[in-house]
Amino acid sequence: MLATSHGRLQARPRGCDASVCVGTACFYVSIGGDGPPTVAAPLREVQELTAQRVPRATARSTPSAHKEEIAAAFDEMAELLAIRGENPFRVRAYQRAAQVIRGLTRPLAEFRGTKELDALPGIGADLAAKIDELLHTRRLAALERLRRQVPAGLRELLNLPGLGPVRVRALNRKLHVRGIEDLRRAVATGRLARTSGFGPALQGRLERALAAGTAAPKRWLWSAAAESAEPLRSFLQSLNGIAEVEVAGSYRRGRDTVGDLDLVVCGRPDVDLAAALRRYGDLQSLVAAGPTRCTVLLRNGMQADLRLVGRRSLGSALTYFTGSRDHNIRLRRRAQERGLKLNEYGLFRGHRRIAGATEKEVYRALGLPWIPPELREDRGEIEAAERRSLPKLIELGDLCGDLHAHTDASDGNEPLARMIEAARGRGLGFLAITDHSRYLGIVRGLDAGRLARQIDAIDALNATLREFVVLKGVEVDILEDGRLALPLAILRRLDVVVAAVHSHFTLPETRQTERILRALEHPCVSILAHPTGRLIGERAAYAADFGRIIAAARARPCYLELNAQPSRLDMDDVMCKSAREHRVLVSIASDAHAGSQLANVVHGIRQARRGWLTAADVVNARPLREVRALLARTRL
DNA sequence: GCCGTTTTCGGCCCGACTGTTTTCAGTCG
């Protein structure tokens with residue numbers, strides 16, 4: 001997968017070596033195979049990848065690698081069972097288990113036996129045993145049996161529009177379709193047209209999807225989705241009869257990538273959404289249109305689902321379309337338990353609507369405080385709400401400064417003075433200049449001599465500044481063996497040392513982990529930058545034991561960065577939450593290479609909120625005096 | 001396959017839209 005300049009994630013050319021899993025979204029993998037990319041690597045392929053990289057004898061899997069491997073296996077189980085026509089609730093149980101596993105902030109290896117696994121929500125004795133089997137053997141007999149029964153190519157068909165498990169099974173049974181090429185032939189030879197259940201409309205849809213190329217869900221970086229969402233919102237807002245427009249869905253939950261846009265349009269019931277949308281300049285086609293619901297395709301290929309609701313339903317509609325699906329299911333079950341019914345139109349007792357106009361009203365009627373959208377993933381937020389212990393999530397205004405920025409002394413685009421001006425313009429009280437060290441070949445990194453001159457220049461500058469301080473820093477490379485790329489003497493002169501991995505991403509897991517742990521032992525390191533090295537949709541996190549890294553950061557102490565570049569957002573939400581649970585402070589850093597990029601922190605704030613972080617969990621959400629004290633604690 | 005303060009069996013969230021059904025199944029969110 002590659003992130004294009006528009007942020008749209010596309011199939012990566014052959015030879016790409018990574019499975020890319022972002023939050024709960026699993027992107028294509030092309031792991032040496034010749035076939036078309038598939039969603040969520042089959043376990044077999046993950047095993048092959050792991051085997052290439054980690055010699056069996058020394059393999060010590062990361063919690064995250066284990067988690068993703070197991071979650072992917074359960075996702076595959078779910079799809080194969082669905083195609084076989086098994087009980088949909090059984091299918092759902094596997095999907096839910098995969099979600100639960102992805103959201104775990106504790107390494108699976110810490111769970112002692114199946115009893116503890118069994119205690120996880122949605123995991124019973126059977127799934128606990130399967131997790132255990134995967135943990136110990138990295139295989140799953142039940143999955144291997146299923147694979148022998150269901151042709152591998154059928155899973156990919158599920159990604160085509162209009163094809164669900166029932167029709168895929170019908171294609172296989174009636175036309176002996178075993179994969180996408182078989183389907184293409186069935187369409188071309190007219191066999192599909194003669195098959196009952198596949199009328200001209202459905203066939204046309206399939207033909208268009210097949211012509212468009214790969215059958216796979218696409219996801220956009222949140223920042224790219226915003227470029228489509230905000231103009232569409234403004235357009236709708238300007239229409240007659242429309243009171244309010246909200247972008248809901250994963251966009252509102254602030255996920256780092258977004259699959260499509262969900263818009264809740266509050267207006268008069270006689271508003272003709274479809275007619276209005278036909279006049280929208282960015283429209284490619286109208287996919288479906290009813291009186292209350294429309295699906296459109298935008299010119300860039302992004303899909304938007306719109307729902308027209310009345311004012312009395314705005315809150316319940318917003319809750320419903322914000323999701324996540326698992327969060328909604330929990331809310332609806334909660335309503336059921338109280339003899340109520342929750343749908344997008346409101347919360348009902350019998351036919352009487354008892355809530356619905358605002359989200360707060362709906363949650364209150366369910367006995368809960370309002371839950372911020374970023375937390376609605378069924379990762380403990382409902383339990384926390386019940387206990388009245390939801391975190392007070394950090395906000396943009398809480399940030400007092402930024403601890404990671406570059407100037408044109410290394411690979412930045414603007415001189416120090418411009419960066420300071422931009423930081424002051426944003427109301428910040430301090431900015432750490434952390435240009436690259438020299439080791440990195442692709443940038444004009446600083447050696448000890450140039451860094452010494454920058455330190456002197458910053459000292460002189462600070463003497464002239466009022467109510468603003470430039471912190472002296474560096475983004476120093478962690479060498480392959482865990483040493484840092486600059487000598488101790490120069491690092492001692494700095495206020496903040498941000499250490500980062502920029503090379504040797506494919507070291508075996510144990511070596512990568514030891515490398516980073518060694519770097520964290522350095523007496524000057526304050527912050528580990530972009531801790532997993534991922535580039536969303538392009539490069540997976542490197543193999544490392546992040547549980548050990550978090551524990552080391554806690555013990556030392558030093559801090560972990562949440563890099564706010566929209567294509568990094570590294571750490572992800574689950575790792576942020578894990579850092580918080582281990583009481584490791586986080587630096588939300590713009591990693592700006594120009595003054596305007598200091599605004600990156602809005603993406604970091606979104607991710608931090610998804611990771612349950614409060615202002616107290618964030619280093620740079622404190623005044624400079626406290627930040628200095630915290631940085632001093634990292635000096636050994 | 002999970003789950004339970006009515007339940008260890010029988011439930012499992014709910015509704016819109018499409019297409020080809022001739023009264024509703026399948027898909028999607």
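This is a short talk on a predicted model of a protein chain with a DNA strand.

Hi everyone, thanks for coming. Let me start with the protein itself. Chain A has 636 residues, and 56% of them count as buried. Its secondary structure comes to 25 helices and 22 strands. If you take the contacts in chain A with a separation of 6 or more, 68% are between residues 24 or more positions apart. As for the outside, the accessible surface of chain A is about 26,500 Å², and carbon and sulfur atoms account for 51% of that.

Now to the DNA. How many residues surround DNA strand B? The count is 47, and the closest are Asn87, Gly124, Gly199, Tyr320 and Arg332. By type, the residues of this surface split into 23 nonpolar, 11 polar and 13 charged.

Which part of the strand faces the protein, sugar and phosphate or bases? Of the strand B atoms within 4 Å of the protein, 77% belong to sugar or phosphate, and the rest to bases.

Let me show you three contacts up close. At Gly124, a backbone N or O atom sits 2.6 Å from a phosphate oxygen of strand B. Arg332 uses its side chain: an N or O atom there is 2.5 Å from a sugar or linking oxygen of the strand. With Arg333, a side-chain N or O atom lies 2.9 Å from a phosphate oxygen of strand B.

Stepping back to the elements, those giving two or more residues to the surface near strand B include the helices α3 (88-102), α5 (125-137), α10 (200-211) and α15 (325-337). Strands are on that list too, among them β10 (283-289) and β12 (303-309).

Thanks, and I'm happy to take questions.

Terms used:
Residues numbered from 1 in each chain as written. Chains lettered and ligands numbered in written order. Predicted model: local features only at pLDDT ≥ 70, side-chain atom pairs only at ≥ 80, totals over all residues. Heavy atoms only, no water. Near = heavy atom within 4 Å. Polar contact = N/O pair within 3.5 Å; in protein donor to acceptor, adjacent residues only side chain to side chain. Helix = DSSP H or I, 4+ residues; strand = E, 2+ residues; numbered from the N terminus. Nonpolar A, V, L, I, M, F, W, Y, C, P; charged D, E, K, R; others polar. Buried < 20%, exposed > 50% of the residue type's maximum accessible area, 1.4 Å probe, protein only. Contact = heavy atoms within 4.5 Å. Areas by Shrake-Rupley, 256 points an atom, 1.4 Å probe, with all protein chains shown as cover.
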